[in-house]
Amino acid sequence: HIYQINPHTSKLSRHQIHHGPLKQRSNRLVILDESSSSNCNDGGSSEESNDDLSLFTELMSPISSAQPDQMSASSLAYLGDVVFELFIRSRYVWPQRRMPVLQNTVVGLVNAEAQSKLLQKFVDNFALTPAEQAVLARGRNASLTSRKKGKGGESMYQDSTAFEALLGYTYINDKVRFTEMISWMKLELDKMDGM
C-alpha cells in the first residue's frame, strides 16, 4: 500500500496499491507491502528491520517541525507521561498475570510518588546536560492546577511533572539520549524487581 504523510497534519492517506518491497521516504511518501513486512528472524535483512524501526519511530513521534525548546513544560510532560507509561506497561505485560495485578503494578510505578522517587535516584546517578536540567526546572515550575495535590504534597507532583517533561523533551529531541535514560530506568527497575 502507498501512504502519503501530510507534513502539515502528520496524517497518513492511502493513495494506491503497490506490489513489491519498495520503501521510499522522499516527500514523506511511504510504501508498505504486507508481503515484505519482515524482520531479521524470518529471513529479512537487518537493513529492512532498521528501515521498519525508523518508520515506526517517525510515525510515533511529533511532526519534524516540533521544537521542544519552545513547548510548554505541560506539553512535554503530557508526552513524557505516555511514553513512560508505555515503557512500564510493555515491561510488565509479560509474563502474563491477572489484570488486577498488572494494573496495580503499573499504577504503582506511574504515579506521582513513584516518579518523584525515581527522579531523585535518576538525578543523583545520571549526568544531565544543562538543557536537560533547564527542562527539569521548567517542569517543576509548571502549573499544577490540573493535578490533585494529594498526600505527597506539591513537591512530589512538581517532581513528577519535571520527570515527565524531561522524558517528553528527550523523546522529541534526541532518541539516543531518551534510550539511555530509559535503559538506566530499566536497570533501576530490575534492581527493584530483584532481577
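Two residues are in contact when heavy atoms of one lie within 4.5 Å of heavy atoms of the other. This idea of contact underlies the description of the predicted model shown above, in which helices cover one another's buried residues. Helix α5 provides a starting example: what covers its buried residues includes α2, α4, α6 and α7.

The overall plan comes next. The protein contains 7 helices and 3 strands. Read from the N terminus, the elements follow the order β-β-β-α-α-α-α-α-α-α. Of the 195 residues, 36% are buried. The accessible surface amounts to about 11900 Å², and carbon and sulfur atoms account for 55% of that area. When contacts between residues at least 6 apart in sequence are considered, 61% of them join residues at least 24 apart.

With this plan in mind, one may return to helix α5. Its buried residues are Glu132, Val135, Leu136 and Gly139. Viewed down the axis of α5, these buried residues fall within an arc of 100 degrees, so they line one face of the helix. A general property of helices helps in reading such a pattern. An α-helix has 3.6 residues a turn, so residues three or four places apart point the same way.

Helix α3 can be read in a similar manner. This helix has 12 residues, and the distance from its first C-alpha to its last is 16 Å, close to the 16 Å expected at 1.5 Å a residue. The buried residues of α3 are Leu102, Val106, Leu109 and Val110. They cover an arc of only 95 degrees around the axis, which puts them on the same side of α3. The cover over these buried residues includes α2, α4 and α7. Glutamine 103 also belongs to helix α3. Is glutamine 103 buried or partly exposed? Its relative accessible area is 38%, and because partly exposed residues lie between the 20% and 50% limits, glutamine 103 is partly exposed. Glutamine 103 and tyrosine 92 are separated by 11 residues in sequence, and their C-alpha atoms are 9.5 Å apart in space.

The loop between α2 and α3 contains proline 95. The peptide bond leading from tryptophan 94 to proline 95 is cis, with an omega near 5 degrees. Within helix α2 itself lies serine 75. At 34% relative accessibility, serine 75 counts as partly exposed. Serine 75 and alanine 142 are 67 residues apart in sequence, yet 10.0 Å separates their C-alpha atoms in space.

Attention now turns to helix α7. At 1.5 Å a residue, its 18 residues should span 26 Å, and the end C-alpha atoms are 25 Å apart, which agrees. Aspartate 174 caps the N-terminal end of α7, where a side-chain oxygen lies 3.2 Å from the backbone nitrogen of valine 176. After α7 comes glycine 194, which has a positive phi near 70 degrees. The buried residues of α7 are Arg177, Phe178, Met181, Ile182, Trp184, Met185, Glu188, Leu189 and Asp190. Among the elements that cover them are α2, α3, α4, α5 and α6.

One of the residues of helix α7 is arginine 177. Its relative accessibility is 14%, so arginine 177 counts as buried. Which polar contact joins the side chains of arginine 177 and glutamate 132? The contact between these two side chains has a length of 2.7 Å. Glutamate 132 is itself one of the buried residues of α5. The side chain of arginine 177 also reaches the backbone oxygen of alanine 127, at 2.6 Å. Leaving out residues up to four places away in sequence, arginine 177 touches Phe126, Ala127, Leu128, Thr129, Glu132 and Thr170.

The description may close with the largest nonpolar core. This core has 33 residues, and Phe84, Ile88, Phe122 and Met185 touch the most other members. The elements that give two or more residues to this core are α2 (73-92), α3 (99-110), α4 (112-125), α5 (130-140), α6 (153-173) and α7 (175-192). Phenylalanine 122 illustrates how such a member is surrounded. Apart from its neighbours within four places in sequence, phenylalanine 122 is in contact with Leu128, Leu166, Met181, Trp184 and Met185. Of these contacts, Met181, Trp184 and Met185 are among the buried residues of α7.

Note on methods: Residues are numbered from 1 along each chain as its sequence is written. This is a predicted model: local features need pLDDT of at least 70, side-chain atom pairs count only at pLDDT 80 or more; totals for chains, interfaces and linings use all residues. Side-chain values use heavy atoms; hydrogens and water are left out. A nonpolar core is a set of buried Ala, Val, Leu, Ile, Met, Phe, Trp, Tyr and Cys residues joined through side-chain atoms within 4.5 Å. Buried means under 20% relative accessible area, exposed over 50%, partly exposed in between (1.4 Å probe, protein chains only). Helices (H or I, at least four residues) and strands (E, at least two) are DSSP runs, numbered from the N terminus. The expected span of a helix is 1.5 Å times one less than its number of residues. A polar contact is a pair of N or O atoms within 3.5 Å; within protein, one must be able to donate a hydrogen and the other to accept it, and residues adjacent in sequence count only if both atoms are side-chain atoms. The arc is that of the directions from the helix axis to the C-beta atoms. Accessible areas come from the Shrake-Rupley method with a 1.4 Å probe; for residues, only the protein chains shown count as cover.
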